[in-house]
Amino acid sequence: MQKVILYISPQIVNSNTEADFVRVDLMEEELIAITQVIQDVKDIEKLFTDYSKTFNLPASKTNNKIFKYWFNPDVNNFNSQVFSTAKIELNHFDFKQGKIQLNEVVMKDNKPSMYKVTFFGDTVSFKNEINEDQLSDLAWLSNFDFQEVTNGNDNIKEGLTNGLNFTRDGVTYNDAIIFPLITHTGSYVFNSLGDFDNPYNVSTAATQHNKRGVLTKDLKPAITIKLILKAIEQQYGITFKSGEFFDSNVFTNLYLWLHRDKGKMVIAGTWLNDGQSYNGTGDVSELTNTGSAWGYFVESTGIFTWRSWVFEATKPSTLDETTISVTITPTSAYVGVPYNLSILTSDNYSAKAQINSVSGTQTLTLVIGGPNGIPITDISANPRGLNNIISRLISEQAIEFETEITINRRVEYTETFFTPPQYIVYNFTATFTPTVTLQSPAVGKINILEQMPKLKVKDFLNGLFRQFNLTVFSNFQNEIIVKTLDDFYAGGETQDLTEYVKTDKNTVADVIPFSEVDFEYEDPETILAQRFELLNNQKYGELNYRVDVSKKNIYQIKLPFSQMLFERLFNVGLTNSRTDIQVGTSIDEELQPSISAPLIFYGISVGSSSTPINYVANTTRPADGSLPVAGTRASLTSYFVPSVCNELGTSTTPPTHNLNFGSEINTYTLTDYAGINNSLFQKYYQNYITRVFNTRTRLFKFEAVLPLKVLLTLTLDDLIIIGTRAYTINKMTTKIQSGETSFELLNEPN
């Protein structure tokens, strides 16, 4: 019998710190059984960890102190709602480390008689800690917030052409953020010889090239998956062991598209109403008359040009009053976002009325002149001079809102031209609303967390683990090791256990209870992927691995991500010759902006002097789909294109990595590589799946009694020899004091 020693480092109530390790008293007569499994053929996609059946601890003086008399709620000082760090030794040798959870206390005569606890491997505590956290809760990613424009430089254009680099805590992250050619509205085309009225024609042909092409607001950023993994380490105080799968070239240019809501990106920053196009109701003709003596509102710009009513002495004014009201109504998703609102003069951006740190629907009113308004001279030193009045909203968080501007102009004076003199009253009111209903800051700060897709951290990680068929476990240095299943089994030793196995009795069973495994992404919500499914009766990137079509037992491995069908553009004007441009389109079959499950893709930098693209800044697409007003254009000879592959590939050589499960035609080379295209299935699942579906594979169950030297060295990646046959471990349960072990083993088919 092995001597078992259990240590617990208790978690204290209302504290994130743990006490020092304390040795626990054990029940002398009870054997502790631990089950170990890394990937179960009966439940392929799930990740497992060491766990024990619930076992009992005596209510000794030592244990009562460890658990702080938890059974008495009046003196509770032990937190049973979290896992306490624990470790197990066999004959004073390290055996397992993990977590202990206190389940219940058995009471007799109002006194504790025993504690029921469960031991788990270390990775389970990590899953427990992340709980329901969202990717948007990963605070470290705020280090990668940035301004749209810095010192006159267009960072969106820079992110499209070269990627954005950041240095944080002395570490430089190259291409941490990119702006790939994925549109949230509309669909890009390339025609160098015509179709110049198409606002999505990205050719650089000179006709109307300052009104069409890739516009700044078409694009949304993407962040490297490596940074998200780093943020998870920072958030939860864990370490993914270096040199393992997360450091492989699979992740070199793998990105998550920051597409949280339909349509254009909602950002933080400064919004000005000038430059907007407005429609008005009320006394519009009077208040938009550029010849008016008291000023006018310009509907094409949103600027109110104010003028005082001051004429010759024959028209003495008794009242000259202007009331300007600006109403902001945030959309439902942003009603709690604080903002500052002001009405100001555009000559020096001096605020004449303002409210700060408000949220929800607010109306700000500026009164000029009259008995209750600010002096006319505060607007213009020259009483008869002009000054432009505009409004401004500033927010430190992303915000989207509707706005309206109401202007009332009242002038009262005595007209001495008439006999007798007449008292004249002009009182005009109009309300103006932008032709584009929803507004947001035009230039400002992009907060990464506010753009993050809605996805739980645990679902993100589980998605990656299933995508690449990864195994996850921890070592004695508290590092989390992530390996592909093939690499995991390749790292084991060979151990001959024949002499310890009870060979007089064992069972042999069928391996799996299903005849088909389906590998797929979430349902498509983008137009090309939807049409692909309609035409092929199968999702793009999906794979159905079937063994026996007569059976209907299907096992589904479904990722929490979407898969977009990207498109390489052809030059329509040159008999459909290929360009170097590949794009993604996030619109649905109704040609409306769509929102789908989070998109993971490869960002590839393409340098192309033969196919430059037209980029236009400082303008916005009209809602009716027409050409926008002229902006500032540039011809770009390098840009990031999206792809399901990590590289473009050639007509004969497929890219090294491919995010499709099935064998799809490469969208860039239009080649299928005879089905050998390094798909997810081929690289990460094929060896395991074809093995368990092999008609010669069986699930063997053996009983054994293992000595200490084997218990301390045997791991789940080891190859087991029993007699003349080799096996891998599917599952093993060990009573650690006695070494009695039940094995589930998969034979290595010949």
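Two strands count as paired when DSSP finds at least two bridges between them. Strands here are DSSP runs of E with at least two residues, helices are runs of H or I with at least four, and both are numbered from the N terminus. The model is a predicted one, in which local features need pLDDT of at least 70 and side-chain atom pairs count only at pLDDT 80 or more, while totals for chains, interfaces and linings use all residues. Residues are numbered from 1 along each chain as its sequence is written, and side-chain values use heavy atoms, with hydrogens and water left out.

A good place to start is β26. This strand pairs with β18 in the antiparallel sense through 4 bridges, and Leu272 has Arg392 of β26 as its bridge partner. Strand β21 (residues 303–307) also runs antiparallel to β26, again with 4 bridges; here Trp306 is matched with Asn387 in β26. With strand β23 (residues 339–345), β26 shares 6 bridges, and the two run antiparallel. Leu344 finds its bridge partner in Ile390 of β26.

Both β18 and β26 turn up again around the largest pocket. A pocket, on a 1 Å grid over the protein atoms alone, is an open set of points with protein on both sides within 12 Å along at least five of seven lines; a cavity is a set where a 1.4 Å probe fits but cannot get out, and lining residues have an atom within 4 Å of a point. Grid points are joined across faces, edges and corners, and a volume is the space filled by probe spheres set on the points. By that reckoning, the largest pocket holds about 1,300 Å³ of space. It is lined by 50 residues, and those closest to its centre are Gln276, Ala442, Asn618, Thr619 and Thr620. Two or more lining residues come from each of β11 (153–154), β18 (269–272), β26 (386–395), β40 (613–617) and β41 (632–636), with β18 giving the most, at 4 residues. The lining splits into 20 nonpolar, 19 polar and 11 charged residues (Ala, Val, Leu, Ile, Met, Phe, Trp, Tyr, Cys and Pro count as nonpolar, Asp, Glu, Lys and Arg as charged, and the others, Gly among them, as polar).

Then there are the enclosed spaces. The structure has 10 cavities of 30 Å³ or more, and the largest has a volume of about 90 Å³. Of the 13 residues lining that largest cavity, Trp257, Ser562, Ser596, Ala597 and Leu599 are the closest to its centre. Its lining comprises 7 nonpolar, 5 polar and 1 charged residues.

Elsewhere, 3 strands make an open sheet of mixed pairing, in the order β14-β38-β37. β14 (182–183) and β37 (567–571) are the edge strands, each with a single partner, so one side of each has no neighbour in the sheet. β37 and strand β38 (residues 577–585) run antiparallel, joined by 4 bridges, and Glu567 sits opposite Val583 in β38.

A hairpin is formed by β12 and β13, with 2 residues between them, and Asp169 in the turn has a positive phi of about 55°. Strand β12 (residues 164–168) and strand β13 (residues 171–178) are antiparallel, with 4 bridges, and Phe166 faces Tyr173 in β13.
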